[in-house]
Amino acid sequence: MTGNRFRYGQWRGGPDPLAPPYDVQAAVDQVGQEVLAGGSLRQALRDLLHRGPQGRGGLDELIARARRLRREVLRRGELDGAVTRARALLDQALAAERDELADRQDEAARFAETMLSNLPRSTAQAVRELSGYQWASDEARQIYQRILDGLRDDVLGQRFAGLRESAQLTADPAVQERLAEMMQDLNALLARHARAEDTTDAFAEFMRRHGEFFPERPADVDELIELLARRAAAGQRLMNSLSERQRAELAELMRQSLGDRLAGELAALEQNLRSLRPDLRWGRGERTQGGQPLGYGEATGALDEVAELDDLLDQLGQAHPGATLDDIDSDAVARTLGREAADGVRQLRELERELRRQGWVTRDAEGLTLSPKALRRLGGTALRQVFAELTAGPRGQHDLRSAGAAGEVSGASRPWEYGDEQPLDVVRTLTRAISRAGPGVPVQLAVADFEVVETERRASAAVALCVDLSYSMISQGRWGPMKQTALALAHLMATRFPQDALQIIGFGREAATLSQQELAAVEPDLAQGTNLQHALRLAGRHLRRHPDAEPVVLVVTDGEPTAHLDPEDGEAVFCWPPLPETIEATIREVDRLGRYGATLNLFMLGDDPGLRRFVDAVARRSGGRVFTPDTEDLGEYVVSDYLRARRGRR
């Protein structure tokens, strides 16, 4: 209508209906960047939920709020308020009684004064001795009765919400009788439940008779146990939080205020609940701050809040194996942290479900992990980064050694061309020089005289990429580039050369084959040892499974071999400095690969002199090459070397 004015503000009706959904692919890329930087896959996925996409709205924010609220609850006041209040009321009652006795002149008054003067210092013992005392002052008698009635009301009201919400006073003998009957029936019901008997009809009858004490209207015995057990556990935690003297005082005061029958039924109820719900931190206590003493109900209420916050912190922490966001009680989040926090949990839950629905993550026994679809995206990201480096400019320096064969020797040769790396045909080169210049010593060679051996191209390649998983790789910042290199190579081969066969082999004290998923999730081996011998043995097995493919072995390492497999029992043997047996065992595997026609190219990270001597010797022995790239250039070197091998230029 004309003239109407509208005012717009922040949406307050729950989750914003116009808020854009989480960018699921961006979340996957966020995880991928952490993995490629050397982070743990499990930790990266966990951080995604804890920090939230783009670093906002995650579980860590809710955990911080819950911890702050917990500290605030524990600063409400001192937990011994029930004993303090009883002491204050007792002092008031004694003062009023002494005033009344001072106005009397009979011997009974003097005797009463003497009795009051000799009361025990303990509040509970004094209250017990005064249980049969004939009060001269009506005011004093009423104050004394308030000690018992007030504590009884607090204890029973804390356990049974119906008493708090009704006008029933537990000082009424009829109410006490009904309470005793209810607890007796309740203990019988819980005993049947503990014996795994069917309690459906018994529970319905119990609620028909005693439902007034349970305004929460539990639907079954399990809900009833949940209600009562948490309150009973809060009461026990209050006792645990007090000093030994305070605990004894409060226990005695409670027994006197409840009477023998109620106290007995309540103790039996607590024992039943403890056995049915042993997980509720019955033995835990807390230390509070604040000058304000809290009454029994206030103290147990505060401790109940603390227990709920502790449960919530456990759920939000997601620390136990197999934890999921579905474990988080949204209702508890809403009660303690507010509806906005509960909405945040639901949004994170939707993000996790969407990641699973779209096939980006899967769940195993240890939690979330990336799916093959996500690994393909991660490999594509790694490959794009590698190719960006390849086209960015001049490459760094590296050492070259003699080239190995790119395929089977055909028996023919051809004139050398610029860029050729095939072996020289020495006989035909010398023959051409002598034919041109005539016989004579020394033979004068010209560029036109050189011929190289021709090889037959192979249609496919069998590639074994051996990557060092020792702890030094992560301590020296080489873990991320190593993962990026392996994932990039795997993606390149899967998308552009699917006929090639790649086997990734990780080696620490022992070696093992790794899938892309296992590589993304692998953690550094904390056990000392670099078992290149075992890795090369597994590489040889992979090559022999593909006899018609070009054999390519690439090794990425930052340390000389320090471990080998014992030939007798197959156990890994580690020693530093390296044993001669370790070097000999490793060289035997190098020779086996050489006899099979494979060339071993090594990518040496770092400048360890022992490693330098070893890789140089291996390259000379195997006809391979040694590369010494900077860590950030590793992917560029490995991928380039693989592509060169496929072009038949080794």
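A residue counts as buried under 20% relative accessible area, as exposed over 50%, and as partly exposed in between. The legends below use these words for a predicted model.

**Figure 1. Leu430 belongs to a nonpolar surface patch.** Leu430 sits in helix 17, which spans residues 426-437. Its relative accessibility is 36%, so Leu430 counts as partly exposed. Seven further members share the patch with it: Trp416, Leu424, Val426, Ile434, Val443, Leu445 and Val447. Together, the patch residues offer about 670 Å² of accessible area.

**Figure 2. The whole chain sets the scene for the close-ups.** The predicted chain has 650 residues, and 48% of them count as buried. The chain contains 24 helices and 12 strands. Take the contacts between residues at least 6 apart in sequence: 71% of these join residues at least 24 apart. The chain exposes about 32,200 Å². Carbon and sulfur atoms supply 49% of that area.

**Figure 3. Strand 6 pairs with strand 5 and with strand 7.** Strand 6 covers residues 501-507. Of its 7 residues, 6 are buried, so the strand is largely enclosed by the rest of the structure. Strand 5, residues 461-468, runs parallel to strand 6, and the two pair over 7 bridges. In this pairing, Ala464 stands opposite Gln503. Strand 7, residues 511-514, pairs with strand 6 in the antiparallel sense over 4 bridges. Here Ile505 has Thr513 of strand 7 as its bridge partner. Strands 6 and 7 form a hairpin, with 3 residues between them.

**Figure 4. Two cysteines differ in how they are covered.** Cys466 has a relative accessible area of 0%, so this residue is buried. Cys575 has 23%, so this one is partly exposed. A disulfide is a covalent bond between the sulfur atoms of two cysteines. With a cut-off of 2.5 Å between cysteine sulfur atoms, the count of disulfides in the model is 0.

**Figure 5. Arg281 forms a salt bridge with Asp314.** The closest N and O atoms of the pair are 2.6 Å apart. The pair links distant parts of the chain, 33 residues apart. Arg281 lies in the loop between helix 12 (244-276) and helix 13 (296-317), while Asp314 is in helix 13 itself. Arg281 is partly exposed, with a relative accessible area of 23%. Asp314 is partly exposed too, at 44%. Both residues belong to a network of salt bridges, which also includes Glu226, Arg230, Arg277, Asp279 and Asp311.

**Figure 6. Arg353 forms a salt bridge with Asp326.** Their closest N and O atoms are 2.9 Å apart. Arg353 lies in helix 15 (residues 339-357), and Asp326 in the loop between helix 13 and helix 14 (330-337), so the pair ties together parts that are 27 residues apart in sequence. Arg353 has 40% relative accessibility and counts as partly exposed. Asp326, at 47%, counts as partly exposed as well.

**Figure 7. Asp425 forms a salt bridge with Arg428.** The closest N and O atoms of this pair are 3.6 Å apart. Asp425 is buried, with a relative accessible area of 15%. Arg428 is partly exposed, at 36% relative accessibility. Side chains of opposite charge can pair when their charged atoms come close. The structure holds 39 salt bridges.

Notes: Residues numbered from 1 in each chain as written. Predicted model: local features only at pLDDT ≥ 70, side-chain atom pairs only at ≥ 80, totals over all residues. Heavy atoms only, no water. Buried < 20%, exposed > 50% of the residue type's maximum accessible area, 1.4 Å probe, protein only. Contact = heavy atoms within 4.5 Å. Areas by Shrake-Rupley, 256 points an atom, 1.4 Å probe, with all protein chains shown as cover. Pairing = 2+ DSSP bridges. Patch = residues over 30% accessible without salt bridge, like charges linked within 9 Å, V, L, I, M, F, W, Y side chains within 5 Å. Salt bridge = Lys/Arg side-chain N within 4 Å of Asp/Glu carboxyl O.
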